[in-house]
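Open the model in your viewer and get ready to select a few pieces one by one. Here's a short tour.

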Amino acid sequence: MLKFTCCDAVRQFSNSGQAQVLRGITRGYERECLRVDANGRLATTPHPAALGSKLTHPWITTDYAEALLELITPPSQDPAFPLDFLRDIHRYSAQQLGNELMWAGSMPCVLGDDKDIAIANYGCSHAARFKTVYREGLGLRYGRKMQTIAGAHYNWSLPDEFWASLKDCCATAGSAQDFVSDRYFGLIRNFLRFGWLIPYLFGASPAISESFLQGRKSDLQELFPGTLYGPHATSLRMSDLGYQNRAQAQLHVSFNSLAEYTQALETAIRTPDPFYEEIGVRDGEHWKQLNANLLQIENEFYAGIRPKRIGKHGERPAQALQKYGVEYVEVRLFDLNPFVDIGITPDQGTFADVLLLMCLFRESPPITAREQSENDENKNRVVNRGRQPDLHLLAHNREQPFRPLAHELFDDMQPFAEMLDAAYGGDRYSATMKNLRTRIDHPDTTPSAQVLLEIRDQGGFFKHAMHLAKRHTAGLQAQMLDEATKARFSASVHESHQKQQQLEVQEQGRFEDFVARYYA
């Protein structure tokens, strides 16, 4: 049975009048996407100058590899704006790529040797060099092929008016900033408990190119020559094949409070690791990594959801959280949907809104070491074999059938779908939840099952993804932007190049001192 941290608050925000405050929810997307050449090989060209400076452009940059585009939407309280703007970014970007294509899906194209995957180069300023050295360190720690994996991040925050009403309703003592941070961390803990629903419902990476393993052994099966898959997998991107850090097992990052979380990250960026020390930080003037510690920077810590705060004076992420509290959360579990040209479907954000609200209002006790192991195990089971007919998950240290657990969570989320419907009018949230719920009993309707069906029809992972990449890129290139939007993007490109040039002219001092100031 669902237990709320403040029952009066749930009743209050279920009221259609009070629910209006939820219209102030702010959302945004980040979508990663590989550039590939006309033959489906990883692009070896630099980031196109026509897309602006990847160091300073607000919406178009790269993530880790030079060929891994990252397309970012500004935060907005209009639910439709993020995907509308993301489509415009895709149209503009596709039209600057020439003969290159935007790869479809999260797992990469056929890859060659690790050394052939170019690290993103941001220029010659200290800020640019810092970003490049960090990525070079990631390549040494995890392998560069990891830097070709793509996903979608959903950034989400509640308005000040909501927090004021909730604090008043719950009659909680303490500062408003501490109250907001505490409640966001409660949300995060519940997301760690129940976030496995996302890879089940939206996972779309059940197969990979054999080249991704580069000779490593795995439990995957061969579907076609060159294609490996998990028969019941949902999201191999979120499995042990994706980003992982051998040393991160030592971190024990706690989400039980802001103080514990930030202290763990501060400790990690200052704790040496023998393996990273063996790699070394510098070879003469060449920097191999920013440091030889468990983490180079806080963002190296990989989690399915992270608390975020933009610093007001250039503070590091942990410092900004400590000083100003949590501003928003970043949900990182979404695979790209390869059947969609922009990689993201509207029901992903709709579902996330409901899940996050439920996680916020539901009681959220501290996570013990035992429960953390249980949460990790549940996530691993779902991403590796989520569509297995007899799948069981762990609930309070007991094996429970997957489907009843999933249905119970949908029951618990229903009041929050209705709350959002009351806020925005109509029944979009309830209708979306009803539709997604059918995937529990019909796993063949999940994106991961549909991807496998398409791979079988096309004759392999590469043929499937390449077919969609050609179709999506051609479609986006054919969708003309209106003159005002085109002018806005052209101006942003010009401004970004100017900003990068200004940084490079103004930069003074030694890079060593720049790095030292970051960690001070």
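In what order do the three strands of the open sheet S6-S8-S7 stand, and is the pairing parallel or antiparallel? The order is just as that name reads, S6, then S8, then S7, and the pairing is antiparallel. Before you click further, note that this is a predicted model: local features need pLDDT of at least 70 and side-chain atom pairs count only at pLDDT 80 or more, while totals for chains, interfaces and linings use all residues. Residues are numbered from 1 along each chain as its sequence is written, and side-chain values use heavy atoms, with hydrogens and water left out.

**Stop one: the open sheet.** Select strand S6 (207-209) and strand S7 (221-224): they stand at the edges with a single partner strand each, so one side of each has no neighbour in the sheet. From one strand to the next, the twist averages 40°. (Strands, labelled E, have at least two residues and helices, H or I, at least four; both are DSSP runs numbered from the N terminus.) Now add strand S8 (residues 227-229), which three bridges join to S7; two strands pair if DSSP finds at least two bridges between them. Look for Gln221, which stands opposite Tyr229 in S8. Then show helix H14 (residues 447-458), which lies across S6, S7 and S8 and runs at about 55° to S7. Angles like that go from 0 to 180 degrees between N-to-C directions, with axes fitted to C-alpha atoms, for helices over the stretch in contact (heavy atoms within 4.5 Å).

**Stop two: strand S12.** Select residues 328-334. Seven of the seven residues of S12 are buried (under 20% relative accessible area with a 1.4 Å probe, protein chains only; exposed is over 50%, partly exposed in between), so the rest of the structure largely encloses this strand. Strand S5 (residues 152-157) pairs with S12 in the antiparallel sense over four bridges. Strand S11 (residues 305-308) is also joined to S12 by four bridges and runs antiparallel to it. Click Glu330 in S12: Asn155 has this residue as its bridge partner, and so does Arg306.

**Stop three: helix H11.** Select residues 369-385. Among the buried residues here are Glu371, Asn375 and Arg381. What covers the buried residues of H11 includes helix H5 (176-194) and helix H12 (402-424).

**Last stop: the cysteines.** How many disulfides (cysteine sulfur atoms within 2.5 Å) are there? The count is zero. Cys33 is buried, at 1% relative accessible area, whereas Cys124 is exposed, at 59%. The closest cysteine sulfur to that of Cys33 is in Cys109, 11 Å away, which is too far for a bond.

Definitions and conventions. A disulfide is a pair of cysteine sulfur atoms within 2.5 Å.
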